[in-house]
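Hi,

Here is the structure I said I'd pass on to you. Have a look at it first, and then read my notes on what turned up.

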Amino acid sequence: MARRGARLRSDTPTTDRPCDAPGCEAPGEFRAPRDRSRLRDYYHFCLEHVRAYNQAWDYYKGMNADEIEQNLRSDSGWQRPTWPLGRLGSGKIDPELFRDPLGLFGQAPPTPRKSAREAPPELRAALDMMGLGWPLEADALRARYKELAKRYHPDSNGGDKSAEDKLKDINRAYSLLRKRLSAMQAEAGGKADGATNGKQGASRAA
């Protein structure tokens, strides 16, 4: 299969060298990369042989599933090294950055959002898959799901199988979290109704 986003190039024809196909004496007018490790090192083919070469080209040939996944991840960062946020910093925060001399933000410090590890154990994997923390609001869950579904939809990834599998995991995580939030809302509503009925009963008894 052809590499997503890559195309075997056929640039401005050059006629100063013959076709690299064995036995072909036609001008090598079109370039094609030799292999995936030498994408800027070219063969030169005539039109007939560059078409045949393009048709047989498979960037991922010889790679296993893990190697293909790693290669796709590398492509998402333009083959540049990446690090988790904060890995290269000193870890120290200047308190002056948060000074509020005009009192615009009040005196109380902001309440930090809890991480997924503080969630119920059965929800932690789903929250990690969605990249969300706990507690979770239904609106935030829906917005995050729409974002991930658009990012990993097969139509947005050229039918890439790894993106399709990722979307299936996201759908399962979304379904689990949505059901739990619905159950929690129903439970909270039931408690509120019970408290209201209790107050009314006490009022009548008085």
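Let me start with a pair of charged side chains: Glu-147 and Arg-151 meet in a salt bridge, with an N to O distance of 3.0 Å. Both residues lie in helix α4, 4 residues apart, which is about one turn of the helix. Glu-147 is partly exposed, at a relative accessible area of 39%, and Arg-151 is also partly exposed, at 41%. The pair has company, too: Arg-144, Glu-147 and Arg-151 are linked in a network of salt bridges.

Before I go on, please keep in mind that this is a predicted model, so there is no experiment behind the distances I quote.

Helix α4 covers residues 138-152, and it holds another pair of this kind. The side chains of Asp-139 and Arg-142 form a salt bridge at 2.3 Å, N to O. Those two are 3 residues apart in the helix, so about one helical turn separates them. Asp-139 is exposed, with a relative accessible area of 53%, while Arg-142 comes out as partly exposed at 40%. The background will be familiar to you: side chains of opposite charge can pair when their charged atoms come close.

How many salt bridges are there in total? The count comes to 9. One of them joins Asp-20 and Arg-17, whose side chains meet at 3.6 Å, N to O. Asp-20 is partly exposed at 30% relative accessible area, and Arg-17 counts as partly exposed at 33%.

Arg-17 has a further partner. Its side chain makes a polar contact with the side chain of His-44, at 3.4 Å. His-44 sits in strand β2, which spans residues 38-45. Is His-44 buried or exposed? It has 11% relative accessibility, so it counts as buried. Arg-17 therefore has a salt bridge to Asp-20 as well as the polar contact with buried His-44, while being partly exposed itself.

Next, the cysteines. How many disulfides does the model have? The count is 0. The sulfur of Cys-24 has its closest cysteine sulfur in Cys-46, 3.8 Å away, and that is too far for a bond, because a disulfide needs the two sulfur atoms within 2.5 Å. Seen from the other end, Cys-46 is in no disulfide either, with the sulfur of Cys-24 as the nearest one. Both cysteines are buried: Cys-24 has a relative accessible area of 17%, and Cys-46 has one of 8%.

Now for the overall picture. The protein has 5 helices and 2 strands. Reading from the N terminus, the order of elements is β-β-α-α-α-α-α, so the strands are listed ahead of the helices. Of the 206 residues, 22% count as buried; His-44, Cys-24 and Cys-46 are among them. The accessible surface comes to about 15,800 Å², and carbon and sulfur atoms account for 52% of that. As for contacts between residues at least 6 apart in sequence, 39% join residues at least 24 apart.

If you only have a minute, I'd go to helix α4 for the network of Arg-144, Glu-147 and Arg-151, and then to Cys-24 and Cys-46, with their sulfurs 3.8 Å apart.

Cheers

Conventions: Residues are numbered from 1 along each chain as its sequence is written. This is a predicted model: local features need pLDDT of at least 70, side-chain atom pairs count only at pLDDT 80 or more; totals for chains, interfaces and linings use all residues. Side-chain values use heavy atoms; hydrogens and water are left out. Buried means under 20% relative accessible area, exposed over 50%, partly exposed in between (1.4 Å probe, protein chains only). A polar contact is a pair of N or O atoms within 3.5 Å; within protein, one must be able to donate a hydrogen and the other to accept it, and residues adjacent in sequence count only if both atoms are side-chain atoms. Contact means heavy atoms within 4.5 Å. Accessible areas come from the Shrake-Rupley method with a 1.4 Å probe; for residues, only the protein chains shown count as cover. A salt bridge is a side-chain nitrogen of Lys or Arg within 4 Å of a carboxyl oxygen of Asp or Glu.
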